[in-house]
Amino acid sequence: MSFVIAILGLAFLILVHEAGHFFASRAVGLRPRRFYVGFPPAIAKTTRNGIEYGVGAIPLGGFVTIPGMHKPIPHDAERRFGRAVEEAPTLAGPVDRVRRALDGDDLQAGLYALDDLEDAMRNVTLSPGAHSSAEKGLTELRDALGPDAYWKAATWKRLVAIGAGPAANILLTIVVFTALFMTVAGEATRTVASVAPEITQGVESPAQVIGLQAGDRIVAIDGTPVAADEIADRINASAGSELTLTVVRDGGELTLGPIAGQLVDERYRLGFGLDGTGLGLVPALGRSIEVTGLVAKEIVKSLGRLVSGDGREEVSSPIGITQASSDAVERGAESYLWVLGLISLSLALLNLLPLLPLDGGHILFTLIEGARGKFLKREVYERVSMVGLAVVLLLFFVGLSNDIGKLS
């Protein structure tokens, strides 16, 4: 069950990302053509105001189709209508007029040529595959030549539409962290909220071993009184040496241990969580923004270490992310929400890398085109995209090898 929740959580984060693109595009006049929850085949779909809304059978996030991401080129006509011309040579003339209009950057002539081509297609018989490809070509080129095409929009509109995806994930992180700071993570108390059965997979937590229980109030470590905000640091400072906990339970004091902390995520831990008291909205929001900034800085540093050849072990694939989310689910709702917020932030920062086809690559190219006052050639986009895909795939396989090693 924890794996199901973890997978649905990742799908939700992707959906939030795509929703950011969708609503921002509509707000600046770049009307999307499709917005799906999940991926096709569609279970249900409807069209309203020219936008197709659907629910896909594969519940792994969602997607948005924004028309005319690139300026159309003659090759687009050849690619989409080539098979139709092979089956019906009479279409060669109308297709050639479309191609010549695109070659000459005559957008209005291109729209007229598409109308003529559509009329000509009604008078020929095509195979289902050729007809489908031609229909997609008509739709794609009309979108690319239409007034609300992405490539024709002002620079600021393109930046808003593309940047809204990562921004939505960052905003979600801040909202989740704010909610946690307002409820259970504002100010720590000395009261134990939960005890983890395992501190790492297959290893019983030290807190479980010594019999620590939810509701116990920790008053001393190794006989020395301790404040709530000192407990975690005192345990970490033990550096793996045995220590004892003095707790108040049912009105009496108990000494638990000795037990040694276990090293997890570069800190020594016993495997328990403390109750917290909530902050007000404004302090919680401020703390949330502060923590988001600090975590973002560390994520950027880790990406920088990858460039210099270090930090390979810090990369995770979707398998490792799902495993970490599943472990957090088992530790409780609070732990899972922290992890969900961190993954949302990581997803945003990964998408902001200046690599095509990531959002950061589109943002970089939009800024370059805005500064130059003219569009880059499609070939430049395609070549840079190949490099970007290679880098993304490399990161995926590095993370996958790390995760397989951890699981084995």
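**Exercise 1. A residue in a loop**

Ser-205 is buried, with a relative accessible area of 0%, in what is a predicted model. Determine where Ser-205 lies and which residues it touches, not counting residues up to four places away in sequence.

*Solution.* Begin with the secondary structure: Ser-205 lies in the loop between β5 (203-204) and α7 (206-210). Next, collect the contacts, leaving out residues up to four places away in sequence; Ser-205 then touches Val-195, Ala-196, Pro-197, Glu-198 and Ile-199, and also Leu-270 and Gly-271. Finally, compare the accessibility with the cut-off: buried means under 20% relative accessible area, and Ser-205 has 0%, so it counts as buried.

**Exercise 2. Classifying aromatic pairs**

The structure holds eight aromatic pairs. Classify the pair of Phe-181 and Trp-338 as stacked, tilted or edge-to-face, and then do the same for Phe-365 and Tyr-381.

*Solution.* A pair of aromatic rings is described by the distance of the centres and the angle of the planes. For Phe-181 and Trp-338 these are 5.6 Å centre to centre and 80 degrees between the planes; an angle over 60 degrees counts as edge-to-face, and that is the class of this pair. Placing the two residues on the chain shows that the pair links distant parts, with Phe-181 in helix α6 (residues 155-183) and Trp-338 in helix α11 (residues 333-351), 157 residues apart. The two partners can then be described by accessibility: Phe-181 is buried at a relative accessible area of 5%, whereas Trp-338, at 21%, counts as partly exposed.

For the second pair, the ring centres of Phe-365 and Tyr-381 are 4.8 Å apart and the planes stand at 50 degrees, so the pair is tilted. Phe-365 belongs to helix α12 (residues 359-372) and Tyr-381 to helix α13 (residues 378-407), so this pair ties together parts that are 16 residues apart in sequence. Phe-365 counts as buried at 6% relative accessibility, and Tyr-381 is buried as well, with a relative accessible area of 8%.

**Exercise 3. A charge over a ring, and a helix**

Find which residue lies over the face of Phe-181, and work out how the length of helix α11 relates to the expected span.

*Solution.* Arg-287 lies over the face of Phe-181, at 5.4 Å from the ring centre. A similar arrangement is found where Arg-34 lies over the face of Tyr-36, at 5.7 Å from the ring centre. Turning to helix α11, there are 19 residues, and the distance from the first C-alpha to the last is 27 Å, close to the 27 Å expected at 1.5 Å a residue. The buried residues of α11 include Tyr-336, Val-339, Leu-340, Ile-343 and Leu-345.

**Exercise 4. Salt bridges within and between helices**

The structure holds 17 salt bridges. For Arg-79 with Asp-76, for Glu-298 with Lys-301 and for Glu-118 with Arg-142, state in which helices the partners lie.

*Solution.* Arg-79 forms a salt bridge with Asp-76, the closest N and O atoms being 3.7 Å apart, and both residues lie in helix α2 (residues 74-87), three residues apart, about one turn of the helix. Arg-79 is partly exposed at 43% relative accessibility, while Asp-76 counts as buried at 8%. This bridge can be placed in a wider setting, since Asp-76, Arg-79, Arg-80, Glu-140 and Arg-378 are linked in a network of salt bridges.

Glu-298 and Lys-301 meet through their side chains at 3.7 Å, N to O, and both lie in helix α9 (residues 281-307), three residues apart. Glu-298 is partly exposed at 44%, and Lys-301 is partly exposed at 39%.

The side chains of Glu-118 and Arg-142 meet in a salt bridge at 2.7 Å, N to O. This pair links distant parts of the chain, with Glu-118 in helix α4 (residues 107-121) and Arg-142 in helix α5 (residues 128-145), 24 residues apart.

**Exercise 5. The largest nonpolar core**

Establish how many residues the largest nonpolar core has, and which elements give two or more residues to this core.

*Solution.* The largest nonpolar core has 20 residues, and those with the most contacts inside it include Phe-81, Leu-91, Leu-117 and Leu-126. The elements that give two or more residues to this core are α2, α3 (92-103), α4 and α5. Taking Leu-126 as an example, and leaving aside its neighbours within four places in sequence, one finds Leu-126 in contact with Ala-84, Glu-87, Ala-88, Leu-91, Met-121 and His-131.

Notes: Residues are numbered from 1 along each chain as its sequence is written. This is a predicted model: local features need pLDDT of at least 70, side-chain atom pairs count only at pLDDT 80 or more; totals for chains, interfaces and linings use all residues. Side-chain values use heavy atoms; hydrogens and water are left out. Rings of Phe, Tyr and Trp (its six-membered ring) pair if their centres lie within 6.5 Å; planes under 30 degrees apart count as stacked, over 60 as edge-to-face and the rest as tilted. Helices (H or I, at least four residues) and strands (E, at least two) are DSSP runs, numbered from the N terminus. Buried means under 20% relative accessible area, exposed over 50%, partly exposed in between (1.4 Å probe, protein chains only). A charge sits over a ring if NZ of Lys or CZ of Arg is within 6 Å of the ring centre and within 35 degrees of the ring normal. A salt bridge is a side-chain nitrogen of Lys or Arg within 4 Å of a carboxyl oxygen of Asp or Glu. A nonpolar core is a set of buried Ala, Val, Leu, Ile, Met, Phe, Trp, Tyr and Cys residues joined through side-chain atoms within 4.5 Å. Contact means heavy atoms within 4.5 Å. The expected span of a helix is 1.5 Å times one less than its number of residues.
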